[in-house]
Amino acid sequence: MNHPPPRHHGTTPRRPNIGLSPDWAQPADSAFPRYELKVPYAEAVLRAGGLPFVLPYTDDASCVDAYLERVSGIVVTGGAFDIPPSAYGEEVREGMGPLKEGRTAFEAQLIRGALKRNLPVLGVCGGMQLLCVVLGGTLFQDILREVPGARDHEQKHDRTQPQHPVEVKNGTLLAEAVGHGQLMVNSTHHQAVNKPGTDVVVSALSPDGVVEAIESTAHSFALGVQWHPELMLSTIPVHLGVYKSLVQKAREHRR
């Protein structure tokens with residue numbers, strides 16, 4: 001008589017595949033460009049229970065589809081560049097920074113494909129800004145020039161340390177991840193969300209009124225945070241909750 005194999009209690013759940021968008025750079029001392037990804041992004045996904053994969057750029061829609069067939073969630077990372085204002089129907093104004101249009105085009109296609117499949121999406125810093133634009137929102141092109149009374153959101157000190165508090169709104173995905181009320185965050189951006197877009201909730205604000213987190217009410221998990229939670233896992237461990245929430249949702253779409 002055949003018996004079913006014994007169940008092992010307390011085993012670690014299978015890790016869902018999480019796609020990470022890398023940055024792109026052309027070093028002066030190299031003939032070849034490089035993909036770059038800060039280690040803390042991958043570490044955060046690993047610590048949260050996911051399995052990180054870097055997704056190289058492509059303008060081939062079938063390749064983007066293939067990526068999305070193999071992952072259960074995506075993280076759109078940040079970087080020292082801005083989103084072309086044409087992406088949200090505006091002209092360039094004073095204060096705009098450098099662009100990486102190839103990267104932005106790829107990440108926008110990746111976000112749209114993930115949202116269409118209802119895959120979990122986490123946008124970090126510039127990734128949040130692009131998520132906002134994809135969802136129909138607009139951006140302030142430079143906070144200090146366009147937001148009256150705003151403070152400088154580009155901290156000069158160690159980014160593992162906080163810069164200012166944000167107020168996390170109760171009843172949001174973000175509150176489920178890190179709790180509601182005051183949360184200390186780091187700050188490394190000069191642009192910010194202006195109009196949030198269709199079916200988008202602002203889930204955190206800084207004291208000067210700058211939008212610090214957004215989430216879509218039309219998808220299972222589409223969250224953007226303006227700070228870098230992955231850089232604060234040792235200093236303020238509650239920030240890992242952002243990545244844990246992504247990974248938990250990804251388990252429901254596991255591939």
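The largest pocket first. In this predicted model, 22 residues line the largest pocket, and those nearest its centre are Gly 79, Ala 80, Phe 81, Arg 159 and Thr 188. Its volume comes to about 420 Å³. Sorted by class, the lining has 12 polar residues, six nonpolar and four charged.

Now the enclosed space. How many cavities of 30 Å³ or more does the structure hold? One. The largest cavity has a volume of about 40 Å³. Around the largest cavity sit Phe 81, Asp 82, Ile 83, Thr 104, Glu 107, Gly 126, Gln 129 and Leu 130. Phe 81 is thus on two lists: it lines this cavity, and it is among the residues nearest the centre of the largest pocket. By class, the cavity lining splits into three nonpolar, three polar and two charged residues. Two helices, α3 (101–116) and α4 (126–134), each give at least two residues to that lining. The largest share, three residues, is from α4.

Last item, helix α1, residues 39–47. Which of its residues are buried? Tyr 41, Ala 42, Ala 44 and Val 45. These four lie on the same side of α1, because they cover an arc of only 160 degrees around the axis. As background, an α-helix has 3.6 residues a turn, so residues three or four places apart point the same way. As for what that buried set packs against, the partners are four strands, β1 (17–20), β4 (51–54), β5 (73–76) and β6 (121–124), plus the helix α7 (240–251). After α1 comes Gly 49, with a positive phi near 100 degrees.

Notes:
Residues numbered from 1 in each chain as written. Predicted model: local features only at pLDDT ≥ 70, side-chain atom pairs only at ≥ 80, totals over all residues. Heavy atoms only, no water. Buried < 20%, exposed > 50% of the residue type's maximum accessible area, 1.4 Å probe, protein only. Arc of directions from axis to C-beta. Contact = heavy atoms within 4.5 Å. 1 Å grid on protein atoms, 1.4 Å probe; cavity = no way out; pocket = protein on both sides within 12 Å on 5 of 7 lines; lining within 4 Å. Points joined across faces, edges and corners; volume = space filled by probe spheres on them. Nonpolar A, V, L, I, M, F, W, Y, C, P; charged D, E, K, R; others polar.
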